Amino acid sequence: METHIKMTASSSKVAGRSAARLLLPHSSRVANKRVIVAAAPPEGAATAPTPSDFKPSDVPPAVASNVPSTGNILPFNAPAAASSRALAAKKAPMDGNEATAHIAYAVSDVSFIYPITPATVMGELVDQWAAEGRTNVFGNVMSVTEMESETGAAGALHGALAAGSLATTFTCSQGLLLMVPNMYKIAGELTPCVLHVTARALAKHALSIFGDHQDVMAVRQCGWAMLCSHSVQEAHDLALVSHLATLRSSVPFLHFFDGFRTSHEINTIETIDNASIKELLSKPVYVEAIRHHRTRALNPTHPHQRGTAQGPDVYFQCAEAANPFYDRAYDHVIEAMAEVSAITGRSYKPYEYVGAPDADRLIVLMGSGSQAVEEAVNYMNANGQKVGVLKVRVFRPWKTDAFLEAIPASVRKVCVLDRTKESGSAGEPLYQQVAAALHEAELVDPDMPRRYIVGGRFGLASKEFLPSHAVACFENLDEHRPLRDFSVGIVDDVTRRSLPPSRLLPPGVSTLPAGTFECLFWGMGSDGTVGANKEAIKIIASNTPLSAQAYFSYDAHKSGGVTVSHLRFGPSKISSPYLVQQADYMAVNHQSYMAKYDTLACLKPGGVLVLNTTFTTVESLTKYLPDKVKRQLAALQPKLYLIDALAVAKASGLGKHVNMVMQTVFFNLSGVLPMDKAISLLKKSISKAYERKGPEVVAKNHAAVDMAISALKAVDIPASWSGLQTTVVHPNPLSKTQAGSRWEFMEKVAKPMLALEGDKLPVSVFSPEGFVPPGTTVMEKRAIAAQVPVWKAENCTQCNICAFVCPHAAIRPALAQPGELAGAPGSFGTIGAKGPGMAGLQYRIQVSPYDCTGCDLCTHACPDNALEAKPISSVLEVESANWDFATNLPVRDNLMDRSSVKGSQLQQPLMEFSGACEGCGETPYVKLLTQLFGDRLIIANATGCSSIWGGSAPSNPYTTNADGYGPAWANSLFEDNAQFGLGIATGTVQRRKTLYKHVTDVLAAPAEAAAPISGVLRDALTRWADHWDEPEVANVVAKELQPLLEREKDVSPAISQLYGERDMLHKASTWIVGGDGWAYDIGFGGLDHVLASGQNVNILVLDTEVYSNTGGQRSKATPMSAVAKFAAGGKERPKKDLGAIAMSYGDVYVASTSLHANYGQVVKAMTEAERYPGVSLLLCYAPCIMHGISSGMCSAIDESKMAVETGYWPLYRYNPAIKEDTAHHRFQLDSKKLKGDVNDFFAHENRFQILERKAPEVAKLMHEAMDENLQERFGRFKDLASGGPGIAQGGEPPKKQQ
Ligand SMILES: Cc1ncc(C[n+]2csc(CCOP(=O)(O)OP(=O)(O)O)c2C)c(N)n1
Ligand code: SF4
Ligand code: SF4
């Protein structure tokens, strides 16, 4: 603890110095000061008012086209000049998050933030703007504080509001759920506040980051007004309406819009300038509302008490006393909408009808889906139907009169669509609301026509909702017996609730505005395609009179996954909230996609297809492409262009990043801008986008732009392609998988999902609990590496280090008896195996080219230059055959001690081929864990990268050994993982104790009552009972017992019971795994509780020093000076010392490890931790792409070594099992002495370099302070290692326990 305190004190001295003097330009401290000034009571408020003096009810109500002809191969016509009003307004391309954040920043003084996809961007933007010193309409820089969780953010928000600040925050999904208690409080105290929510699915049978209304509907009862935006433009406008209406009404507002579809869609919008907002807020009604909010704040000069306890006598009345505020809130929304309309020219209604004035059928819904319905309505009405859509923007407070007024009198049938699911309900919330409204109205007015109403669900977790689905809903209303409680957009072949496809609007018919162009770009995760397309659409929207829209879809892999960019532009406003269906322009940036995915399914006949390929002649392409694809091309007859973009990227120094090459080609072929202008704009955007990465990166990208066009080649599609037969292009990895349910899952679910065809799967193929069988990643065979390592037998010393460091388990040692090599492929060379126990065996290192990600860590790690990276195409066939042979050899895992570096790699990894980034620093730890204890592991995994690379359906990298044993893995939530793991351990122990009792009862039964079991069974049971708590023995006996119990299960009820409980004979090892965001921040309370519990659980913290999974926000593990998201100005405070906190308990095993820096120490620490009978905590340094290692992740090993040698990441083990005396010490320092300069380490990583570039003086001071601290801490560690005081020594290890 001393360590921690001293370090903090000395760093904060520097931090204080720097914060006061040097961080001023970008520090939010300035903002805080200003905020405090602005938040002080206004003059004249000296006399203490009582809350009732200031009831909110006292507030008075209050371009010409420049499209070139050259190079333009699209049938693209320049649009007419935009309307004069639109030209006058400032147009800008942005996504829903940015559109909202602009308003939130402009009108708020304080924000407490926490990252959660897809809302994170709003927090990041306000943090960045605050760091840049941007002022809001009150002249203040916003005070932005990241909290430890959304619980904390909501509590702090509540506090800031109680102090009279104008405060806001951003969240969704699980984050919103954590805010519920404070949401009640904020509403209960009638506090003006706006919470902006990117509506997202909730974690149920599975987590999903995608959009629907499950989260917002789960808080509809909290007393917040709820305003829904249906588009990016609305998100901007209604954000302002929310902030105005909350001030007017004193009711807090939840402003929501669809996660991803609106939050991440880039669209051309007209922005509201701060001057207009300022003018609005200077109206007396707002000046008075703000004054009122501030004067009723907590203040000792006019004190009051809030948050008291009330009894049955008054609580109820008090709750009803708030009714007038809710009664008036609707009118306040109308007034705010009118005010916003006056400055924007765009008008909104809480319930807005669009469609035929004499419609007979109506769809009612909220959110972006309404735009798809509107397209359907326009299409149907143009085809002789009479239909309409009612867009609900105000869900709370619900206003029945206004809702009914919005419905045309002619409407007889109503379909209400909810983007949520309330299992077991009699209809979802909007349906229930509408049904109640109609029913009430009919009761009150018997002359009112009866309306037939049905409810349905759509779009859960961003499931596509197309105009054709809306048409299907209208068609359903026309049926004799319409489906009720239906779903649309999926095939429910179980309860048969889904609507059939629409007849009137078949696929292929477009409802887009005329002249809209659609483009699709197929890219690979982190290849830059998405970033480049975002820039492209911004260039188009900002430099042409066209409207533009961009949306991006991803698969679940952290890297090397598929990204598809959906771009639209055209002369009319584009609002279509669905993916591109018929692309005019398609670029496939990776040639393997042509075989793997049905890319051409969305290409318009005669459209443009640009293929990045190494096969740039028709002859070579004919050989490469599968016949199915060639037939498709022959039928579609696109204008086909080929380019070897990889060669251009390499020549310009960009390695495998083909994004800029493909972007330049797009501008050239589309002709959307004159080419010279396009190039100059592209280069400008490159300079801006890559500024953070340094001038070299900018120059390389510029070079790629200059070189791109000359490499482009137009080719004709040969007529011969039309009649070709299909050939098999992929190996059949299923040979590796077991039969039964796993096979069924692979065939019926995993394969289509991996081919991006999961949307087509019917309900019946899924397990309703969302369970996934083990080992499914084995079938992915992604082949994403450009280069893969190949073994050079002659140099190899058989250390197994390559396998040890491989993050993907794609390189392994193989051992074989000479006789087993009889059927080996000719290229399967081996050498005589070295070492004790290896006599007579042959050895080989084998890579799986299909599973390798090309991270190159192994070639860097090999001490003997025995691996060489070769282009995948040159080795794919040969080495994959070798891999198949190697992995079918017997596993020889008992030849060496598994707790040695070499021995551990002779164990089968039971975590393989995960979806992590290439070179990920997290996965090798977990892989090693599975090699040490995999057959008895239970993993409780916090949400984070490790739950995404470790558990994104259908990819389950956790697999089984030949016995079918392997890690059982579960993710509960982000915040509760420690408690979840403790629960698993407790439940498991309890069940084993019961089993132990049953076994001993059987063994102790008196002879006459004893079950007549065989002597073998009795003997095995006795041995098990003697060693039931020692996995090394118990688990061997447990295996022996399985067939014995099976055979004798019917002998007696007692044996039958043991047979039923036989899976508990095996002793499990519970590991609680998660990242630093979980352990240091959101889950710390639970973690601390587990640390104090004395239970036999193990905790593994994968410390990437940021929230990697959500894009790299700072955590309390982030080091001082590092620039991370939410720490745009560099983190000012030092890293929290979690090891010291844990050691202060005295009886917790603690180790600080770095797998890449010291292979032996990590194996030792894991083994000791697992053996230790109490709580163990392993802190694991995990290099991550977020660190921006300048020479790439392949250098993570050198980088980790430097981190250890310089004392940045010391290695130690604190083992309470050691009895302290003069010769033995509990604390052992494994990194013996400091070497090198920590500044060299800082110089290699962009996270530290950003500050060096931005504010060198600040960086220098911080780095000096850190260096000082590291030296000081190391000195203290040395003292501890020699038995010096400093750590609680009192704790005794818990007694050996279950
Ligand atoms: C209550 C809640 N808030 C926020 C999130 C979003 N979220 C998921 S993972 C994550 C960050 C994980 O960071 P860390 O624990 O450091 O693990 P890493 O991704 O670095 O492995 C966040 C913020 C969530 N899932 N639940
Ligand atoms: S790291 Fe190099 S020397 Fe060691 S086993 Fe692998 S290939 Fe052989
Ligand atoms: S921890 Fe870092 S390197 Fe690993 S998967 Fe996450 S983002 Fe990628």
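This report describes two ligand sites, a helix, a strand pair and a sheet in a predicted model.

## Surroundings of ligand 2

Ligand 2 has 14 residues around it. Those that come nearest are Cys796, Cys799, Asn800, Cys802 and Cys862. By class, the shell of ligand 2 holds ten nonpolar residues, three polar ones and one charged one.

## Surroundings of ligand 3

The shell of ligand 3 is made up of seven nonpolar, two polar and two charged residues. Cysteines around ligand 3 are Cys917, Cys920, Cys945 and Cys1184. The other residues around this ligand are Lys558, Ala916, Glu922, Trp949, Thr1104, Ser1108 and Ile1185.

## Helix 17

Helix 17 covers residues 467-478. Its twelve residues should span 16 Å at 1.5 Å a residue, and the C-alpha atoms at its ends are 17 Å apart, so the expected and the computed length agree.

Eleven of the twelve residues of helix 17 are buried, and the helix is thus mostly covered. The buried residues include Pro467 and Ser468 towards one end of the list and Asn476 and Leu477 towards the other. Also buried in helix 17 are His469 and Glu475. The cover over the buried residues includes one helix, helix 14 (369-382), together with strand 10 (361-365), strand 11 (387-392), strand 13 (413-418), strand 14 (452-458) and strand 15 (486-488).

## Strands 23 and 27

Strand 23, residues 787-791, has four of its five residues buried. Strand 23 pairs with strand 27 (residues 867-871) through five bridges, in the antiparallel sense. Within this pair, valine 790 has glutamate 868 of strand 27 as its bridge partner.

## A seven-strand sheet

Another part of the model holds an open sheet of seven strands, with mixed pairing and the strand order 3-2-4-5-7-6-12. Strand 3 (143-146) and strand 12 (394-396) each have a single partner strand, so each stands at an edge with one side lacking a neighbour in the sheet. On average, neighbouring strands of this sheet are turned by 20 degrees against each other, direction ignored.

At one of these edges, strand 12 is joined to strand 6 (residues 225-228) by two bridges, and the two strands run antiparallel. Here leucine 227 stands opposite valine 394 of strand 12. Helix 4 (residues 96-107) packs on the sheet and touches strand 4 (167-171), strand 5 (194-199) and strand 7 (253-258). The direction of helix 4 makes about 160 degrees with that of strand 7.

Conventions. Residues are numbered from 1 along each chain as its sequence is written. Chains are lettered from A and ligands numbered from 1 in the order in which they are written. This is a predicted model: local features need pLDDT of at least 70, side-chain atom pairs count only at pLDDT 80 or more; totals for chains, interfaces and linings use all residues. Side-chain values use heavy atoms; hydrogens and water are left out. A residue is near a molecule or strand if one of its heavy atoms lies within 4 Å of it. Ala, Val, Leu, Ile, Met, Phe, Trp, Tyr, Cys and Pro count as nonpolar, Asp, Glu, Lys and Arg as charged, and the others, Gly among them, as polar. The expected span of a helix is 1.5 Å times one less than its number of residues. Buried means under 20% relative accessible area, exposed over 50%, partly exposed in between (1.4 Å probe, protein chains only). Contact means heavy atoms within 4.5 Å. Two strands pair if DSSP finds at least two bridges between them. Axes are lines fitted to C-alpha atoms, for helices over the stretch in contact, and angles run from 0 to 180 degrees between N-to-C directions.
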